[in-house]
Structure formats: structure tokens, C-alpha cells
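Visitor: Please take one part of this model and walk me through it closely. I would also like to see how that part fits with everything around it.

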Amino acid sequence: MLSKKELLNLQFIDARARVIDLAAFLDRLERHEGVGDIRLEYFAKALQVLQENRPDRAKAVLEVFSDMTPEISETAPFQGATGAPVS
Amino acid sequence: MRYIEPHAHMVSRTTDDYEKLAIAGCEALCEPAFWAGFDRSSADGFHDYFRQLTEYEPKRAARFGIKHFCWLCINPKEADDPGFAREVMALIPDFIERENVLGIGEIGLNKNTRSELKIFEEHVQIALDYDLPVLIHTPHLEDKLKGTKLIIDSLASFSKLDRSKVIIDHVEEHTAGMVLDAGFWAGMTLYPESKCTPNRAIDILEIHGTERIWMNSACDWGVSDPMAVPKCALEMRRRKYTESQIAKIVYDNPLEFLRQSPRFDL
Ligand SMILES: [Zn+2]
């Protein structure tokens, strides 16, 4: 396995670019008109996870964006997925 | 580097893609039956699709020296109407003995409904009746965690099921552990926008180990990349994995799982 230093050498620039992209996405949303929806709340929760000191942030972020309801419907009320439990 | 692409939807790819796969070292590929991007209007549409999977695609692949295998079922997205699903399932016995058919798949859940679950379980029973492996699709995005749990719960009711002959595909960080802990195989799908990136797939290997796990491109009609497996192998190399560690994931493991089907030979 690579050392921390080797991993930084390999992937820091890429990760840095992704963080800037996220920042720009939030700025863009701020500038644009209208109102957002609940997806933004999930997004904010996911960003909080990034700041937590834990070894399983990716898993925790995926859980933030997961449908946690126990109910099972008979047939699908709609098709497709939006990336966060919106209904 | 030789490798096996264990999950690709070649009916929606060009012949150029077969050439790319061959150049990259792909020796065999497996094509699960799936949703073709639109709902088919009749069971006849599936009859033609099953012919395409068992007659036409193997020939197209053979032109590039690639062995083509397939899995049969009605996919979960079109299985939400049980009457229609059963009409399609009635076609399976006519095709199941064909020489490139590995087993039943990709069955599973899409929107986690009772109708989908019922049809999922009927498919599992077909696989048991023919003693064939099962390839399972897990839902997308927000539906994946719940769907994966429902699938694992449902499989618990099949006492005769050999879990080493079942692969649960499209796992991510929040589902890989539960699939492997329950004794099933896990598949990681490398997609540009959803599912796993190469680096996340390698992380999952580091966290959960390299037994009973494979990776695939699941390339289809959507945004996807038939070169995803060799690209991930390249990423492993950049992260200082040895050639034999890479070969285990991209060749040995798929071979170990797939050869449980009597029709898989390389
Ligand atoms: Zn698929």
C-alpha cells in the first residue's frame, strides 16, 4: 500500500479540483434564481460528514443520500431515482 | 493484460467497442439480460432479445476472439407488472439450455416494490430448479441501501440456496460489507457518474478484502465506459498493486465464480 505522502503525490491535485468544483457548485446555486429543494439539505448533511474524524466517510455520505424508510409499496409510485430520498 | 468483463450490455454498444475490449485483453464477457432503456411492449420483444443474447452477440464477439456468455431474466424495472413478467419468464425454459447461458440475471429490485420482490423470488426459484448461478442487480442511488437489505432478507428464505453461486452486483461502500458478510459474492460497477469510481472500488478491496469480489463496467446505453475494468487495473498499478494482485480481481475471481456454471469455459 502507498504511504500517505505517496498517495498525496498521486491524488492531491485531483481531490483539490473536486473540492473546488463543489465550492463552485454551491456558489452557482446561490447566484441562480428560485428556490432549491430538500436535496440541498441532504447535500449540507453530506458535507458535514466530510469534516468528521472517522474512517468510513464515504459509507456515511452514501447513507445520508439513502432512503431509510421501512415501508414497501405494492408497485412503484414513479420510476427513476434522484440521488436523494425526495418523497 | 488478460481479463474477464463479467457484466456488459453489448446489445447497446458498437462493434468498435468489441474491438477496444479485445485490444485491452478481454478474453470473455458476460451479458446479463436488462432494461434496454425503454419498456418493451410485449413478451415477443423479449423473445427477440433472448435470441440476440444467445445467437447474435456471441457471433459478434467471436469476430474479435472474445467469448460471449449471457444471463436470462426479465429485469426488475419491467418486472413491476407481475402478469407481464410471468409471460416473459415463461420463455426462459426455451433458452436456458443454450450453450452461452450462464444462469438467471440480472434479477433484483429497482424501486423496491412488493411486485418486484415477488418476481425476484420466482426467478431465484427458476435458478434453483435448474441448479444455475444467480446475478443480482441492486437499485440505483437512494434506493440501493434499502433494496440490498430487502434482497438479502428475501434470499434468507431460500434454505437450499448455495450463497457461493449468487453474486450481488453494483455494491458501494454502504452495501459491500453486508453482501460479503452474508456469504454472497459482490460485484463493483465502475460508472463515471454513479456507482463506483476506480479509486473507490480499490478502496473497497482494501477495506473488505479480495475474496468473492469482482469488478465490471456494466457498459450499456447510458453514460458508461466499456474500458472501465482495464482503466481500474491501471489505477491499481499506479497505487502499486502487483500484477498478480490485479489479475486476481480482473481474471481469477470472475473465473472462479463463473465456472460454477456448467457452460462457462475459457
Ligand atoms: Zn447491468
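Guide: Here is a close look at one helix of chain B, followed by its surroundings and then the two chains as wholes.

Two notes on conventions come before the tour. This is a predicted model, in which local features need pLDDT of at least 70 and side-chain atom pairs count only at pLDDT 80 or more, while totals for chains, interfaces and linings use all residues. Residues are numbered from 1 along each chain as its sequence is written, chains are lettered from A and ligands numbered from 1 in the order in which they are written, and side-chain values use heavy atoms, with hydrogens and water left out.

Our helix is α9 of chain B, residues 228–238. Helices here are DSSP runs of H or I with at least four residues, strands are runs of E with at least two, and both are numbered from the N terminus. The buried residues of α9(B) are Ala228(B), Val229(B), Pro230(B), Cys232(B), Ala233(B), Glu235(B) and Met236(B). (Buried means under 20% relative accessible area, exposed over 50%, and partly exposed in between, with a 1.4 Å probe and protein chains only.) The cover over these residues comes from both chains: it includes α1 (4–31) of chain A, along with β1, α1 (15–24), α8, β8 (213–216) and α10 of chain B.

Let us follow one of those neighbours, β1. This strand spans residues 3–5 of chain B and holds Glu5(B). Glu5(B) has a relative accessible area of 0%, so it counts as buried. Setting aside neighbours within four places in sequence, the contacts of Glu5(B) (heavy atoms within 4.5 Å) include Val229(B), Pro226(B), Asn216(B), Ser217(B) and Ala218(B). Cys26(B), Ala28(B), Leu29(B) and Cys30(B) are also among its partners. For Leu29(B), 24 residues away along the chain from Glu5(B), the C-alpha separation is 4.6 Å.

Now to the end of the helix. Just after α9(B) comes Lys240(B), with a positive phi of about 70 degrees. Lys240(B) sits in the loop that leads from α9 to α10 (243–258), and its relative accessible area of 56% makes it exposed. Most residues other than glycine have a negative phi, and most peptide bonds are trans. Lys195(B) is another non-glycine residue with a positive phi, here about 55 degrees. The loop that holds Lys195(B) runs between β7 (185–189) and α8 (198–208) of chain B, and α8 is one of the elements that cover α9(B). Unlike exposed Lys240(B), Lys195(B) is buried, at 6% relative accessibility.

Away from the helix, the peptide bond from Gly105(B) to Glu106(B) is cis, with omega near -10 degrees. Glu106(B) belongs to strand β4, residues 101–108. Gly105(B) is among the residues touched by Leu72(B), as are Val101(B), Gly103(B) and Ile104(B). Leu72(B) itself lies in β3, residues 67–72, and is buried at 0% relative accessibility. Leu72(B) and Gly103(B) are 31 residues apart in sequence, with 6.5 Å between their C-alpha atoms.

Stepping back, chain B has ten helices and eight strands. Its radius of gyration, taken over C-alpha atoms, is 17 Å, which agrees with the value near 18 Å for a compact globule of 266 residues; the globule rule is 2.2 Å times the number of residues to the power 0.38. Buried residues make up 62% of chain B. Of the contacts in chain B between residues at least 6 apart in sequence, 73% join residues at least 24 apart.

Chain A, which supplies part of the cover over α9(B), has three helices and zero strands. For its 87 residues, a compact globule would have a radius of gyration near 12 Å, but chain A has 17 Å. Buried residues account for 17% of chain A, and 21% of its contacts between residues at least 6 apart join residues at least 24 apart. An automatic or database domain assignment gives chain A domain 1 (1–34) and domain 2 (35–69). The C-alpha centres of these two domains lie 16 Å apart. Six residues of domain 1 and five residues of domain 2 take part in the contact.
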